[in-house]
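Visitor: I am new to this structure and should like to understand the terms applied to it. May I ask how each description is justified?

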Amino acid sequence: MSETLRNFANTYLMWNEGPLIWGSDVLILLTIIGIVGVLTYFKKWRWLWDEWLTTVDHKRIGIMYLIAALLMLFRGGVDAELLRTQLAIPGNHFLDAAHYDQIFTTHGTIMILFMAMPFIFALFNIVVPLQIGARDVAFPYLNAVSFWLFFFGALLFNISFVFGGSPDAGWVSYPPLSELGFDPGPGENYYLLGIQISGIGSIATGINFLATILKMRAPGMSLMRMPLFTWSVLGACIMIIFAFPALTVALALLLLDRVAGTHFFTMLHGGNPAMFVNLFWIWGHPEVYIVVLPAFGVFSEVVATFARKRIFGYASMVSSLILISVISYFVWVHHFFTMGAGPDVNTFFAIASMAVGIPTGVKVFNWLFTMWRGRIRLSLPMMWTLAFIPTFAIGGATGVMLAVAPADYQYHNSYFLIAHFHQTLIGGVVFGMLAGMYYWWPKMFGFKLDERLGRWAFWFFNIGFYICFMPQYALGLMGMQRRMYVYPADMGWNTLNLVSTIGAYLMGIGFLFIVAQVVYSIRHGERDLTGDPWDGRTLEWSLPSPAPHYNFAVIPVVTDRDMWWILKREGREEELMPRPEEVKDIHMPKNSGVPFLMGVCFFVGGFGVVFNWWWLAVAGLAGVLLSLLSRSFQYEEEYSLPAEKVIETEISLGRL
Amino acid sequence: MSAGHKSLLLVVGAAAALFLSGCSPNYLVLNPAGPVGREEMHLIVLSTVLVLAVVIPVFVLLAFIVWRYRDRPGNPAAYRPEWSESRILEIVWWGIPIIIVGVLGFYTAKTTFALTEPPESSTQPLTIQVTSLNWKWLFQYPGQGVATVNYCEIPVGVPVQFELTADSPMNSFWVPQLGGQEYAMPGMAMRLWLQADKPGTYYGHGANFTGEGFAHMGFNVVAVSQKDFDQWVSKAKSTGQALTEAGYQQLKKPGVMGTATYSSYPPGLFHDTVWTNGGRYDPKMAGMGGTDGRAGMMPKGAASMPGTGAPK
Ligand code: HEM
Ligand SMILES: [Cu+2]
Ligand SMILES: [Cu+2]
């Protein structure tokens, strides 16, 4: 009996691996006990279920995405600190090879798929319906399904750490390294299923917001009157719809190789690993633009608001967004110039890759000239936007350098590449998402985040960023490869690695300041009573903070691009206030527990596949089918909010 | 572009290159020891200079604008909240990047095609067949009949054609001072031309992650004069032990090791490795073996196709 128990503990709970695992197990257990305890003590279970787990309200779903993204930023950040600690000195014994490999794999996967993606989805949800004058997204129920698929996909990926073992073939997970022959553990299955499940959710989100933006805009909001954030979401959604299926296929085929013994990606029996590499990057390159476009959208909103000026060259901004979305489908080979595709292919993809730099550069100049002749206020959203410009300029420049195919023969797989993509992903996506978070935080929660703590976070994070990643360009030119858990001491790499690690710690401190800032501001943050704390320009700022459940008591008629700003300048704000005679009954979607349960079933099924426990997989799948079926028999998905109720709410908000 | 501008560019480029490479020999990529690495470095310098033409204005503009248009009381700078279009400005910043990409694209195309050819055509090239194993590098010299692990000797001034494959997960073969890397993939034979101009020991390492022992997949490329190279070959032939089929199976087992030298190896080993790892499913692979000129390399049943060297 104790033998079986020990066996189980060692195989699945990995207790033979020592204190790191034990500590995490204890921490996770304590966290769970803590959460359950608090919910029970304050009798909040009902509230949790009614208000959050079953919600179909885009604003609440957005907030849940945001919380998940911040948690994953923390997890991915801890991974990063562990990696950098290991690399601080040559020949370090802090982590062994196996752990280092797992950690860089989970770090990369989590940062891209479970941090950047939910972060952009958080802003999609919180902002888009409010910006276009809609009451919700096109398919609120599907929106909830998307969220729970993301959530349980991420959960499945994360439990690999304490149950069965983490994936260790890199976030790109190239076969044959990721095939059974070289990687028998369950970690790679976790990777495949975790991403697959959340990926289905992402495709649904893409479709949902495309439909929302195309069909749900308030009357008068033509495409060319749309705020640039909404434009960027439109671009990102189109890219999601075209790119994610490639990932779905790649993951599914690799999973078949692993669990069903097919040979899609082994050279034996006529398969080809290069097919995986192609499919992966056909998704992977657009993916980096999927996450950065919404950041561009945020910067456009923030720059105009905090420079108190119209965005410069709106038409150029829109066309560059579209150009970026289109061109970035024709550049994927730049991730493997050195795989022998031949000079003609490499030349094509090299020039296409450089070409993406053109519209991107144009955007930078347009942001700069939006500030020209403006009045710049240095609040937190604007600070992150200003910090983004030089960071992204360097990241973009080194991107163009990487696109020079023959030169990439020297940068590829080196720290030069690591420095480049962190510069764009952190300088672009993370800065952008933080700017957006600070900007729309009052809209979500009704209070501002504390400026003073935010400035500490800003400076720690930014200075740390340069100290961490600038040396890595040099390390790349010194010949240091990525994914090395130890490196020789006689190559002249030691000092720069140490410096880089110090930078990573500074960024970590920056993150802690953000946590402190959030905690402090919940109590002490400046309350937003006007609904328009930044003197905004777009529709969402005409609403109270937080916006009522139905968003707009009366759907506005849009007459201009920066309508709210113009109305304010002309003293016509009244036009966006509801008049009682115009308020009608509002149809709102009903809450539903099915999306949550469907996520649970996906989780259970995925878990079964990870360990090849087919009975469990079948049970999970059956649950998924049942949840789908139950939706078909749900005839009343909406309820009606009577006009009197709406008027009552509006009066209590002081708008009537 | 006027001559003045050109020379200015050159000066800036040279200064940048000097600044970076001059400060330390540790910058392997910027201290190339052969024509391939040098070509690549020229492109690196050129592209650095060209992108700086955008980056520097961005920095200057940003600093200036934020300073001038800060929202502070009594700021005398103009405030035009509706000013948001300028045809001329937009043409400038659509145009300049297009020109830059044009120039860079032209040189990229030129070099990309040039680097598929051997660096120096007057000398008879040397072929070395490289196999990435878990976690070590095996070098075979089809012309000399010797083999090594985790180091290889090459003659100075002779173009070397590395034929790359893997009997393990995909790796990438990189010797920064000689030139850029190329993937080594199971079931395929890839080709990479490198050449050393001066004697020296050059650091090389696998660049694509292959699992636990990956960090230990370093090797040295030792460039010596032709005479020393010939001597080294004969010494290897007389003092090394033979790599047998069984010995190769031993090498294949996952593990890390130091260097080794073999006086001979099983004939056709490289080709068989490619073949059994899936090369036999690739019609292009049938022509392999032409480069080393060894009879009897083709395994039984293989169709012999005319053609030189590796596919792709
Ligand atoms: C505190 C900030 C961060 C630090 C210090 C950091 C550090 C690192 C380190 C040390 C590695 C492993 C390098 C190697 O051994 O090859 C790595 C890899 C990676 N990072 Fe980060 N990182 C940070 C933030 C991010 C963010 C925000 C993203 C994405 C949005 C990201 C995406 C990646 C990816 C995709 C990889 C590659 C993983 C792989 O090789 O499979 N990182 N990072
Ligand atoms: Cu890319
Ligand atoms: Cu190949």
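Guide: Let us begin with overall form. This is a predicted model, in which local features need pLDDT of at least 70 and side-chain atom pairs count only at pLDDT 80 or more, while totals for chains, interfaces and linings use all residues. Residues are numbered from 1 along each chain as its sequence is written, chains are lettered from A and ligands numbered from 1 in the order in which they are written, and side-chain values use heavy atoms, with hydrogens and water left out.

Visitor: How do you know whether the radius of gyration of chain A agrees with that of a compact globule?

Guide: The radius is taken over C-alpha atoms, and the globule rule is 2.2 Å times the number of residues to the power 0.38. For 656 residues a compact globule would have a value near 26 Å; chain A has 25 Å, and therefore the two agree. Along the principal axes, the C-alpha atoms of chain A fill a box of roughly 75 × 60 × 50 Å.

Visitor: What makes a residue of chain A count as buried, and how many of its 656 residues do so?

Guide: Buried means under 20% relative accessible area, exposed over 50%, and partly exposed in between (1.4 Å probe, protein chains only). In chain A, 65% of the residues count as buried.

Visitor: Why is A:R483 called buried or exposed?

Guide: A:R483 has a relative accessible area of 8%, so the residue is buried. It lies in the loop between α15 (451–477) and α16 of chain A; helices are DSSP runs of H or I with at least four residues, strands are runs of E with at least two, and both are numbered from the N terminus. A:R483 also has a positive phi of about 60° although it is not a glycine.

Visitor: What makes a positive phi or a cis peptide bond worth noting?

Guide: Most residues other than glycine have a negative phi, and most peptide bonds are trans. A:N551, also not a glycine, has a positive phi of about 65°; at a relative accessible area of 1%, A:N551 is buried. A cis peptide bond, with omega about 5°, joins A:P175 and A:P176, and A:P176 sits in the loop between α6 (140–159) and α7 (187–215) of chain A. In chain B, the bond from B:N134 to B:W135 is cis, with omega near -5°.

Visitor: Which residues come nearest to ligand 1?

Guide: A residue is near a molecule if one of its heavy atoms lies within 4 Å of it. Of the 24 residues around ligand 1, A:Y100, A:H107, A:W171, A:H422 and A:R483 come nearest.

Visitor: What makes the pairing of A:W171 with ligand 1 a polar contact?

Guide: A polar contact is a pair of N or O atoms within 3.5 Å; within protein, one must be able to donate a hydrogen and the other to accept it, and residues adjacent in sequence count only if both atoms are side-chain atoms. A backbone N or O atom of A:W171 lies 2.7 Å from an oxygen atom of ligand 1, so the pair qualifies. A polar backbone atom of A:R483 is 2.5 Å from a ligand 1 oxygen, and a side-chain N or O atom of A:R482 is 3.1 Å from one.

Visitor: Why is B:S263 called buried or exposed?

Guide: B:S263 has 14% relative accessibility, and therefore counts as buried. B:S263 belongs to strand β12 (residues 260–264) of chain B, and its side chain reaches the backbone nitrogen of B:A242 at 3.5 Å.
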